[in-house]
Amino acid sequence: MLEELATDDGVLLRRDLLAAGLDDRWILRQRRRGGIVRIRQGAYALTERWTAAYDARRHLMLVSAVMRQYGDDVAASHVSACLLDGAPSWGLPLADVHVTHLDGTIERNGASVRHHRGDCRVGDIARRNGHWVTAPERTAMDTASIVGRDPAVAVLDWYLHQGLVTPEGLDHRLRSGMKSWPNSLHLYRVIQLADGRSESVGETRTRLMLHDHGIPEPVLQYVVRGPAGEVAGRVDFAWPELGVILEFDGAQKYLALRRPGESVEEAVLREKAREDLLRELTGFRVIRITWADLEHPERTVERIRRALALGRVA
């Protein structure tokens, strides 16, 4: 019965349960039995779904509840709209649902909702699943404005890579509509650092690490060709003049590389064979770094410096 009463994402609203002829005593019994869990005032989720969900999924379940509780005078925005678009959640604050009031009013923050007031121009919002959501360009800028540099650049990189925004569009929006914002300098800086050629958060963080430590700018998505000019592979970063390739290895990368019916182990072995081929074709040194390496940037950068120095000597 609980599954039938819940939405597709496992959310139930008190008002809908009451409308179905149930009452608060029934809701309390279901909570005590462990069938549902309260996620905010007047909103519940199927316990099994909520328990199994990761942080970003829980945030989206909360967004579903909040948007059904509010009227058409708000739009899901900032981080919430960002996750609705499918962007990565790394470094984003997920405790509160973000909504922007379209009528210019604003409520006090609380009850897992953060309220924003902002002018929405034509094209700033779109209808999705019966609710208003800020459009990609507005969402990207809104999100970048409330988080630190690295998560902000990762968000902009994702939107650029997906083709949902353009560098020109972001720059124009900043100069025409957000120039007077208190954090406009932060937005200007992160726009300058954004690059849609980065294909993952790990690549974005690697690029920023290289930038922060004064490493010469690499070629992104460097293409290696075979003897007949065919594409033999594409690597994350390269310094062709120094004969060095840098690859970021993350779990998601191997999951994305898996072919139908192929195990992760088989994908790793195939990637190893690819690396051997790239070495054979180019003679370049290949460095691989992981998420763990990004937590120790000084040590990791020193590895890269040594490889680049050997390239200069050669």
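## Exercises on helix packing and buried side chains

Helices α7 and α8 pack with their axes 8 Å apart and at an angle of about 165°, which makes α7 roughly antiparallel to α8. This is a predicted model, in which local features need pLDDT of at least 70 and side-chain atom pairs count only at pLDDT 80 or more, whereas totals for chains, interfaces and linings use all residues. Residues are numbered from 1 along each chain as its sequence is written, and side-chain values use heavy atoms, with hydrogens and water left out.

**Exercise 1. Describe how α8 packs against α7 and against α10, and name residues that meet.**

Step 1: Two packed helices are described by the angle between their axes and the distance between those axes. Here the axes are lines fitted to C-alpha atoms, for helices over the stretch in contact, and angles run from 0 to 180 degrees between N-to-C directions. Helices are DSSP runs of H or I with at least four residues, strands are runs of E with at least two, and both are numbered from the N terminus.

Step 2: The α7 and α8 crossing is left-handed, a label for a near helix turned anticlockwise from the far one by less than a right angle, with clockwise giving right-handed. Pro136, Thr139, Ala140, Thr143 and Ala144 of α7 meet Ala152, Val155, Leu156 and Tyr159 of α8, where contact means heavy atoms within 4.5 Å.

Step 3: For the pair formed by α8 (residues 149–161) and α10 (residues 184–193), the axes are 9 Å apart and the angle is about 55°. These two helices are therefore oblique to each other, since angles under 35 degrees count as roughly parallel, over 145 as roughly antiparallel, 65 to 115 as roughly perpendicular, and the rest as oblique. The crossing of α8 with α10 is right-handed, and its contacts bring Arg149, Ala152, Val153 and Leu156 in α8 to His186, Val190, Ile191 and Leu193 in α10.

**Exercise 2. How many of the residues of helix α7 are buried?**

Step 1: Buried means under 20% relative accessible area, exposed means over 50%, and partly exposed lies in between (1.4 Å probe, protein chains only).

Step 2: In α7 (residues 136–146), eight of the eleven residues are buried, so this helix is largely enclosed by the rest of the structure. The buried residues are Arg138, Thr139, Ala140, Met141, Asp142, Thr143, Ala144 and Ser145.

Step 3: For the background, 46% of the 314 residues of the protein chain count as buried.

**Exercise 3. Set out the surroundings of Asp157 in helix α8.**

Step 1: Asp157 is buried, with a relative accessible area of 1%.

Step 2: Beyond its neighbours within four places in sequence, Asp157 is in contact with Ala194, Asp195, Gly196, Ser198, Thr204 and Arg207. Thr204 is 47 residues away from Asp157 in sequence, yet their C-alpha atoms are 7.3 Å apart.

Step 3: The side chains of Asp157 and Arg207 are joined by a polar contact of 2.9 Å, meaning a pair of N or O atoms within 3.5 Å; within protein, one must be able to donate a hydrogen and the other to accept it, and residues adjacent in sequence count only if both atoms are side-chain atoms.

**Exercise 4. Which side chain does His116 join in a polar contact, and is His116 buried or exposed?**

Step 1: His116, in strand β6 (residues 113–117), is buried, with a relative accessible area of 12%.

Step 2: A polar contact of 2.8 Å links the side chain of His116 to that of His98. Not counting residues up to four places away in sequence, His116 touches Ser77, His78, His98, Val99, Thr100, His101 and Ile106.

**Exercise 5. Compare the settings of His78 and Asn129, each with a phi near 50°.**

Step 1: Most residues other than glycine have a negative phi. The phi of His78 is nevertheless positive, and that of Asn129 is positive too.

Step 2: His78 is found in helix α6 and counts as buried at 5% relative accessibility. Asn129, by contrast, is found in the loop between β7 (125–128) and β8 (131–134), and is exposed, with a relative accessible area of 74%.
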